[in-house]
Amino acid sequence: MSIKVLIIGSGPAGYTAAIYAARAGLKPVLYTGGQPGGQLTTTNDVENFPGYPDGINGPQMMIDLQKQAERFGTEIKYGLVTAVDTTKYPFPVTVDEKDLISAESIIIATGATAKYLGIPSEEKFANRGVSACAVCDGYFYRGKEVAVVGAGDSAGEESTYLSKLCTKVHLIVRRDEMRASKIMQQRVLNTPNIQVHWNTETDEILGDEQGVTGVRIKNNKTGQKTELAIQGFFLAIGHKPNTDLFKGQLDMDEAGYLVVKPGSTKTNVEGIFAVGDVADKVYRQAITAAGSGCMGALDAEKFLAAKEADVAHA
Ligand code: NDP
């Protein structure tokens, strides 16, 4: 039997879609993907989600969203959707490269993944001093000196988070300004143990058998190279949408974000909807992801009702 609403992804978009679809009696099945709870599990305090005057811890918020989705009958499955055939209906879907299921509608909420610089030393020291998640790994560097690369809100958040654990944080910014919101920039600049290195790029991460011991940075105006003694190197340079699964099947923009019809969550394939960061490179907030998850469930509900009406009239 086909699943009526298949939700792929377990961030705020996926869980909100699940809450709405479940309350509409559509018995949604949600596959969590490789990072249950999504990106918010790698964040610390979420202070901008309405309804939490004192803020809420990211992982806790995802546990609460999961519970809320389950309360109304969502079936949560810990698996990875590895293939979707958008040319057949109901849509054949492969899970963990072996199990075949089928779905009458699909809500894609696969989010986005952290980007890396692409230098060899980054891979060499992965999990031995190089990390893309300060909240996950910062604890290992307490009392030590670290570097963060990036200049957006993530870089601001990660460096202020690390500044509470570490003796010193070097923030490596490639331009002469930060992209982060003004309030975040102020937070960074007002933190005494964060040193911002402007117009600076990462030349190489240095280390030995034990892991990272330093980073060689290069001023891109003067060409001057400097070595910093650090033990942790954190990336905060943005994300890539998780859409490889749909290449050649669903419309995407040049960066790989799924394209939806304006004012809706509809992709170019009827019955397949995209919600959250996977289709949003502009806002990328938990609250906007949750809002679009709600839209996705309502769009799927409408689609299924129209299909049923067609069958009844046939
Ligand atoms: P962004 O895309 O906003 O920023 C990425 C940053 O990384 C940019 O400053 C960019 O530099 C820099 N960068 C990219 N590639 C490289 C490279 N190869 N070398 C050095 N630097 C590089 O990503 P974020 O993850 O920071 O934020 C994503 C979204 O999430 C944003 O909308 C942000 O506002 C939001 N967010 C909100 C938070 C909050 O409100 N608490 C917390 C975290 C994120 P350049 O500026 O030169 O392009």
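This tour moves from the whole chain to one sheet and then to a single pair of residues.

Begin with everything selected, and keep in mind that the model is predicted. Shown as a cartoon, the protein presents seven helices and 19 strands. Its radius of gyration is 22 Å, close to the 20 Å that the globule rule gives for 314 residues, so the protein is as compact as a globular protein of that length. If you turn the view along the principal axes, the C-alpha atoms fill a box of roughly 75 × 40 × 35 Å.

Next, switch on the surface, where the protein exposes about 15900 Å², with carbon and sulfur atoms supplying 50% of that area. Of the 314 residues, 47% count as buried. When you look at contacts between residues at least 6 apart in sequence, 59% of them join residues at least 24 apart. Colouring by charge brings up 32 positive and 37 negative charges, whose mean positions lie 2 Å apart.

Now select the open sheet built from five strands, which follow the order β10-β17-β11-β12-β13 with parallel pairing. Residues 130-131 (β10) and 194-197 (β13) mark its edges, and each of these strands has a single partner strand, so one side of each is left without a neighbour in the sheet.

Stay at the β10 edge and add residues 232-235, which make up β17: the two strands run parallel and are joined by two bridges. Which residue of β17 is the bridge partner of V130? Select F233 together with V130, and you have that bridge pair in view.

Definitions and conventions: Residues numbered from 1 in each chain as written. Predicted model: local features only at pLDDT ≥ 70, side-chain atom pairs only at ≥ 80, totals over all residues. Heavy atoms only, no water. Helix = DSSP H or I, 4+ residues; strand = E, 2+ residues; numbered from the N terminus. Rg over C-alpha atoms; globule rule 2.2 N^0.38 Å. Buried < 20%, exposed > 50% of the residue type's maximum accessible area, 1.4 Å probe, protein only. Contact = heavy atoms within 4.5 Å. Areas by Shrake-Rupley, 256 points an atom, 1.4 Å probe, with all protein chains shown as cover. Lys, Arg positive; Asp, Glu negative; His and termini not counted. Charge placed at Lys NZ, Arg CZ, Asp CG, Glu CD. Pairing = 2+ DSSP bridges.
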